[in-house]
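Please take a look at the model below. Then read on for a short tour of a helix, a bond and a pair of residues.

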Amino acid sequence: MTFRQFATGALFLAGSVYSGSAYPDIPIAIAGPMDGQFRDLGAQMRAGAEQAVADINASGGVNGEPLVLEIADDGCDADKAVAVANQLIGRGVVFVAGHFCFNASIPASEVYADAGIVQISPATTLPKFTDERPGPGVFRLAPRDDQQADVAGRFLVDNFGDARIAILHDKTAYGKGLSDAVKATINNLGKSESISLGFDAGEDDYRYLVSQLGLENVGVVYLGGYHPEAGLIKLEMVRQALDAVLVSGDALMADEFIAVAGAAGNGTLLTYPADPRDFPGTAAVVATLEEAGKPADRYALTTYAAVQAWAQAANRAGETGMDAIAETLSNDVFDTILGEVRFDERGDSNTPGFVIYEWRDGAPRVR
């Protein structure tokens, strides 16, 4: 494998990865937060993309031609993402694995759609990304935010059907949207909540809120909101001896939750995407990345699979044009390290989905 450095300006961090001595014929890109506060996530994406390109080129490339990988930094910023997308057009890129943040993925997708470039995001979860996609070449290998509400609602009905349910939210767009979607799911399944309340985020005293839950004799509390308030509410539930299970969303997958709640946080349940490291097909890639001292976590693996799916589609289509690739991605099944991947009419994929985690002994574990 040869790594070729390009002088690409402040928005670009790297150049090409390819096998053999010939100049690479098919430029593709990875775009995400390679610097700044989210650089660890960008490092995962980069590691996965580089390894995918190396493995594909070692197996003969795409339609017999090697791939070259451009690595671009968008800083999770909309304006930078648009600038990156336009620079990638100038470099002749035919496929982009990215972006990470929705506020970068969405504006960049409009640029790619106009230019005939296929985009597969390994991380963007906002439904709008595919619900309002600007063209048929926009896809994702990440679960939708609204999928976790369905998983959580069905879990509540299946496991707490006889319990009194409280629905709480912190009045934020994320928290209220999630709790409203969970409420709709349980209502559609024939279960009604006993109490539904909003509370103010940022408070440090939730005694009155928890006392209301106690008066309702609730057995399970669904909370749409973030980890600081959830930690304080769970701590207060234990102080008031409210014997109820706390269930929430992916925002509770944070060490700060258990730092606030302490031992009281154990037993809290949450929805979060399944960990690709647990998938049988990822073992070899994880081992290779770890041996090289590179990150082998979630977004390394979903990015690797995104490049895999595009490469298989290009081989089957016999070309790299967006129309042919988009049609193939929309109609075929792809064998990736995540397992069999398929995309629906919106560009959403079947993997990885949300599962239930439980905080136990100070750590989140699959239930």
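Start with helix α3, which covers residues 102-115 in this predicted model. The helix has 14 residues. From its first C-alpha to its last it reaches 20 Å, close to the 20 Å expected at 1.5 Å a residue. Even so, α3 has a kink of about 25 degrees, centred on serine 109. Just after the helix comes glycine 116, with a positive phi near 75 degrees.

Which residues of α3 are buried? They are Ala104, Ser105, Ile106, Pro107, Ala108, Ser109, Val111, Tyr112 and Ala113. Ser109, the centre of the kink, is thus on the buried list. The buried residues of α3 pack against several elements, among them β4 (26-32), α2 (78-90) and β6 (95-98). Their other partners are β7 (118-121), α4 (128-131) and β8 (138-140).

Next, the disulfide. The structure holds one. Cysteine 76 is joined to cysteine 101, with an S to S distance of 1.9 Å. The bond links distant parts of the chain, 25 residues apart. Cysteine 76 sits in the loop between β5 (67-73) and α2, while cysteine 101 sits in the loop between β6 and α3. Is this disulfide right-handed or left-handed? The torsion about the S-S bond is about 70 degrees, so the disulfide is right-handed. Both cysteine 76 and cysteine 101 are buried.

Now for two residues in other helices. Glutamine 148 lies in α5 (residues 145-159). Its relative accessibility is 1%, so glutamine 148 counts as buried. Threonine 185 lies in α6 (residues 173-188). Its relative accessibility is 11%; the cut-off for buried is under 20%, so threonine 185 counts as buried.

Each of these residues has a side chain with a polar contact. The table lists both.

| Side chain | Partner | Distance |
|---|---|---|
| glutamine 148 | side chain of aspartate 250 | 2.9 Å |
| threonine 185 | backbone oxygen of alanine 181 | 3.0 Å |

What else do they touch? Leaving aside neighbours within four places in sequence, glutamine 148 is in contact with Tyr174, Leu178, Gly249, Asp250, Thr271 and Phe354. On the same terms, threonine 185 is in contact with Ala149, Asp150, Gly153 and Arg154.

One last distance involves threonine 185 and glutamate 65, which are 120 residues apart along the chain. Their C-alpha atoms are separated by 48 Å.

Conventions: Residues numbered from 1 in each chain as written. Predicted model: local features only at pLDDT ≥ 70, side-chain atom pairs only at ≥ 80, totals over all residues. Heavy atoms only, no water. Helix = DSSP H or I, 4+ residues; strand = E, 2+ residues; numbered from the N terminus. Expected span 1.5 Å × (residues − 1). Bend = angle between axes of the 7 residues up to and from the residue. Buried < 20%, exposed > 50% of the residue type's maximum accessible area, 1.4 Å probe, protein only. Contact = heavy atoms within 4.5 Å. Disulfide = S-S within 2.5 Å. Polar contact = N/O pair within 3.5 Å; in protein donor to acceptor, adjacent residues only side chain to side chain.
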